[in-house]
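Colleague: Before the terms used for this model are accepted, I should like each one set against its criterion. Please show the structure, and we shall proceed from there.

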Amino acid sequence: MQADFFAKRRRNSIVFLALLLLVTFVAIVITEYDVEKGFTSIPKAVTWSFSNFYPNEQSWTRLPDILVKLQETVLVSIAAASVASLFALLFAIFGSGTTGINGFMRKVTRMIATLFRNIDVSAWAMILLFSFGQSALTGYFALFFGSFGFLTRAFTETIDEVSSSSVEALQATGASYFSIIFQSVIPSCIPQIISWVLFMIETNIRSATLIGILTGTGIGFAFSLYYKNLNYHAASLVVLVVVIAILVIENVSNYIRREIL
């Protein structure tokens, strides 16, 4: 019996790899991708990067301006994730199978969350450019909408998984709907909610770099400006600063998660 189980797993693995190779081959044919040229260009790209894409002495003089842009990006990312989490929690409560008022409300809230989640933040930025132009507000709303969709889904699943038993216990005692929400659902979900918000802040900072290129704001705009002006040394410094900022924020987030979970 055990031998049949492992043989079945091996067959499934072989079938999966075969399908993966087939899809890859079809994609190469359709896109007319030159595999040989792709691999041979890697050494040239590495050589160019080490020759041009590194901070030099002159680029370090631009560090204060880069840090100002980074501060703007980080603050917008935190604000978008924090405000979106409040709306997401409200929608998650109404959309959860445990705390939803009725089936119609659950379906509506889930559909709204799905719509916002499935539109990429860069697409939101392009859409919002027509309304707000190239401004920090455009970047904020693009990150807000993306964060709202993702967090609503995450909070809904968290409520369904964490608080079902405690909700049933309070319902059996005749507790009111708002008592169940504020005395059971939210307290039991707070650690996971904070963890998801921290994750969203990290994600927003990464996305904000691309958003800044589109909206002409923040650290993304600084990178785009230096790169288009062929100032690769300053552009590489921007990349270095962003990587360091993300690593610092990720370590802080991991520390907070360890403390609350």
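Modeller: In this predicted model, Val-238 touches Ile-66, Ile-219, Ala-222, Phe-223 and Tyr-226, residues up to four places away in sequence not being counted.

Colleague: What makes these pairs contacts?

Modeller: The criterion is heavy atoms within 4.5 Å. Val-238 touches the five residues named, Ile-66 and Tyr-226 among them, in that sense.

Colleague: Why is Val-238 called buried?

Modeller: Buried means under 20% relative accessible area, and Val-238 is listed among the buried residues of α10, as are Leu-237, Val-241 and Ile-246. The cover over the buried residues of α10 includes α3 (63–95), α8 (177–215) and α9 (218–228).

Colleague: Which residues have the most contacts inside the largest nonpolar core?

Modeller: They are Ile-66, Phe-155, Tyr-226 and Val-238, in a core of 47 residues. At least two residues of this core come from each of α3, α5 (121–132), α6, α8, α9 and α10. The greatest contribution to this core, 12 residues, is that of α8.

Colleague: How do you know that the end-to-end distance of α10 agrees with its expected span?

Modeller: Helix α10 covers residues 232–260, and at 1.5 Å a residue its 29 residues should span 42 Å; the end C-alpha atoms are 42 Å apart, so the two values agree.

Colleague: What makes the lining of the largest cavity mixed in residue class, and which helix supplies the largest share?

Modeller: The lining divides into five nonpolar, six polar and one charged residue. The largest share, four residues, comes from α8. The space in this cavity is about 100 Å³.

Methods:
Residues numbered from 1 in each chain as written. Predicted model: local features only at pLDDT ≥ 70, side-chain atom pairs only at ≥ 80, totals over all residues. Heavy atoms only, no water. Expected span 1.5 Å × (residues − 1). Buried < 20%, exposed > 50% of the residue type's maximum accessible area, 1.4 Å probe, protein only. 1 Å grid on protein atoms, 1.4 Å probe; cavity = no way out; pocket = protein on both sides within 12 Å on 5 of 7 lines; lining within 4 Å. Points joined across faces, edges and corners; volume = space filled by probe spheres on them. Nonpolar A, V, L, I, M, F, W, Y, C, P; charged D, E, K, R; others polar. Core = buried A, V, L, I, M, F, W, Y, C linked by side-chain atoms within 4.5 Å.
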